[in-house]
Amino acid sequence: MTATLSAFRAGSSIARLLVLAMLTVHRSASSAPVPGKPLPSWERGMLDIHQINTGTGNAAFFVLPDGTTLLLDAGAGYREDKVKSRYDAPQRPNASRRPGQWIGRYVQRMHPDGDAGALDYVVLTHFHGDHIGGLGPSSPQAPAGAYRLTGIADLAETVRIRKLLDRGWPRYDFPARSGGELMLNYRAFLQWQIENRALQVEAFAPGRSDQLVLLRAPQEFPDFEIRNLAANGRVWTGSGTTTRSRFPAGAVPSENNCSTALRLSYGAFSYFSGGDLSGTPETNRGAWTEMESAVAWVCGPVDVALLNHHGSPTDVANAFFLSVLQPRIHVISVYAASQPGPDVLRRMLSERSYPGPRDIFATNWQWPGRREHMVKLFGETDTAWLVDRINHFTANQGHVLVRVEPGGNQYRIIIIDDQHEPGDVVSVHGPFTARNSTAP
Ligand SMILES: [Zn+2]
C-alpha cells in the first residue's frame with residue numbers, strides 16, 4: 001500500500017488511474033454483502049439500522065454515519081404463559097440467554113468500536129416489557145444493584161450506556177405515577193447506573209432535532225438529522241421546535257399512545273419509527289385516542305418505516321397514515337401470532353393506500369403452534385390469506401438491516417440469520433433509490 005500511495009503522490013497519471021481502479025475494486029469487494037457470508041463491516045459514511053430479532057419485542061441498533069451509536073428499545077416480553085402456549089414466538093437465537101443479553105452481544109458485534117464500544121444513546125419508546133424488558137420469574141437479581149435484570153438492564157451489564165432518553169424522566173408521573181413493579185425496577189436500574197456508571201438521563205423532547213445528534217464528526221455529515229416527532233401525545237408542529245398536545249387536558253391516554261416517535265433523515269433517505277402508537281380511535285372515546293394521523297402529518301413521506309405496534313390487528317397503519325408516509329419499505333417487528341393482522345396487511349398492500357411498489361420485511365414468521373392461534377384469531381379464510389401473503393413477503397425471518405450508502409442516495413435491505421451467532425447474510429435486497437434522491 002505504501003508503494004502504491006507513493007506512486008500516487010508522485011503524480012504519474014497512469015499510476016494514479018491504477019491506484020484509483022484498485023481502490024474502487026477493493027472498496028466494492030469489501031463492502032458488498034453476499035448471502036452465506038459474514039456481513040461486511042459498517043464503514044464510515046454508511047447508516048446502519050439493525051432491526052434485531054430476539055422473538056420477544058422491539059430493539060433496533062443504529063450506527064450513524066460518523067460512528068455515533070443509538071439503541072432504540074431493548075424489549076424482552078417475558079409473557080411466559082403466551083410463550084408456553086406458543087402464541088408468542090420462541091426466543092432467537094435460543095433461550096440459553098435472556099433477550100437483553102442477546103441484544104447486548106449483537107450490539108458488541110456490530111459496534112464500530114468492537115466489544116468495548118459504548119452506546120452513545122439509548123431511546124426507550126415507552127414503558128412496556130416488549131420495549132424495556134418485562135419481569136418474569138426467571139429475571140435474576142442484578143449482581144450489584146437493588147433491581148432485577150431484564151431488557152435494557154440486562155444489556156447494560158455488558159454494554160456501557162452514555163445517555164438514555166425516555167418519555168418519563170425525571171418525574172415519571174404522566175399520565176399518572178406508576179408504583180408498578182416494572183417501573184420501580186426500571187427506575188432503580190436507572191438510579192444505580194447514574195450513581196455507578198455516570199449514566200446521563202434526559203426526557204425525550206418532541207419537536208427538537210438537537211437531542212440525538214452526531215457526536216464524532218457532525219460537520220462531515222451536515223444533512224443528517226433526527227427529529228423528535230412525538231412523546232406523551234405532544235407532537236411537533238413542523239415549525240421550529242414547537243409542539244402541541246394531541247391529548248385533551250385531563251384525558252387518560254394509553255401507554256402505547258405516549259410512545260416516542262422520531263424521523264431520521266440522511267441526505268435523500270428517511271426513516272420513521274413510532275413505538276406502539278395507535279392508529280384507530282378506541283371505541284366510545286375521542287379521535288385523540290389515535291396518534292398515527294397527527295404524527296404522519298408532520299413526518300411526511302419516508303423510505304423506510306417500522307410498522308407501529310408490531311402490526312397489531314386492531315389498531316395500526318390507518319389509511320391516512322399510510323397515504324402520507326408511503327413507505328417504500330415496511331419493517332415489522334413480530335413476536336406474537338396476531339402480528340400483523342389481516343386488515344393491517346390489506347391496507348399496507350393496497351394501492352388505494354398509496355401508489356407504487358413496496359416491500360415488506362418481518363422479523364419472525366412461522367413457529368410451531370402459531371397457525372392454530374391465527375385461526376382462532378382470524379378464522380380459516382383470513383389465516384389462509386395471511387399465510388400466503390406472509391410467505392410472499394420479500395423476507396419474513398431474521399434480523400433486518402437497512403444499510404444506507406454514504407451520502408444517503410441508495411440503500412439495501414440485508415437479512416441476517418437470527419438462529420446463529422454471528423449470523424451470516426441470508427439475503428440482500430436492492431439497491432433502492434432514496435425517494436428524494438436527485439442523483440442520476
Ligand atoms: Zn410493543
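**Notes on a predicted model with a kinked helix**

1. H11 bends by about 115 degrees at Gly379. Keep in mind that this is a predicted model. The kink shows up in the end-to-end span too: H11 covers residues 370-391, 22 residues in total, yet its end C-alpha atoms sit only 14 Å apart. A straight helix at 1.5 Å a residue would reach 32 Å.

2. What is tucked away in H11? The buried residues are Arg370, Met374, Leu386 and Ile390. They pack against helix H10 (342-349) and strand E14 (359-362).

3. For contrast, have a look at H4, residues 99-110. Its twelve residues reach 17 Å from first C-alpha to last, close to the 16 Å expected at 1.5 Å a residue. The buried list for H4 runs to Pro99, Gly100, Trp102, Ile103, Gly104, Tyr106, Val107 and Met110. Covering those residues are, among others, strands E1 (47-51), E2 (60-63), E3 (69-72) and E4 (119-123), plus helix H6 (151-156).

4. Just after H4, Ala118 sits in the loop that leads to E4. Buried or partly exposed? Ala118 has 14 other C-beta atoms within 10 Å, so it is partly exposed; buried would take 20 or more. Leaving out residues up to four places away in sequence, Ala118 touches Val159, Arg160, Ile161 and Arg162. The C-alpha atoms of Ala118 and Thr158 are separated by 9.4 Å, with the two positions 40 residues apart along the chain.

5. Now the core. The largest nonpolar core holds 107 residues, and Leu71, Val122, Leu229 and Val295 have the most contacts inside it. Which residues does Val122 touch? Not counting residues up to four places away in sequence, they are Leu71, Ile152, Ile161 and Leu164. Ile161 also appears among the contacts of Ala118. As background, nonpolar side chains tend to be buried together in soluble globular proteins.

6. Two cis peptide bonds deserve a look. One joins Arg92 and Pro93, with omega about -5 degrees, and Pro93 is in the loop between helix H3 (80-84) and H4. Another runs from Gln339 to Pro340, again with omega near -5 degrees; Pro340 is in the loop between strand E13 (329-332) and H10.

7. There are also positive phi values in residues other than glycine. His310 has phi near 60 degrees and lies in the loop between strand E12 (304-306) and helix H9 (319-325). His310 counts as buried because it has 26 C-beta neighbours inside 10 Å. Gln326 has a phi of about 45 degrees and is in the loop between H9 and E13. With 19 C-beta neighbours inside 10 Å, Gln326 counts as partly exposed.

8. Finally, the overall picture. The chain has eleven helices and 17 strands, and 48% of its 440 residues are buried. Its radius of gyration is 22 Å, which agrees with the value near 22 Å for a compact globule of 440 residues. The C-alpha atoms fill a box of roughly 75 × 55 × 50 Å along the principal axes. Of the contacts with a separation of 6 or more, 68% come from residues 24 or more positions apart. The domain assignment gives domain 1 (1-31) and domain 2 (43-433), and their C-alpha centres lie 42 Å apart.

Technical notes:
Residues numbered from 1 in each chain as written. Predicted model: local features only at pLDDT ≥ 70, side-chain atom pairs only at ≥ 80, totals over all residues. Helix = DSSP H or I, 4+ residues; strand = E, 2+ residues; numbered from the N terminus. Rg over C-alpha atoms; globule rule 2.2 N^0.38 Å. Buried ≥ 20, exposed ≤ 12 C-beta atoms within 10 Å, placed from the backbone. Contact = placed C-beta atoms within 7 Å. Domains from an automatic or database assignment. Core = buried A, V, L, I, M, F, W, Y, C linked by C-beta atoms within 7 Å. Expected span 1.5 Å × (residues − 1). Bend = angle between axes of the 7 residues up to and from the residue.
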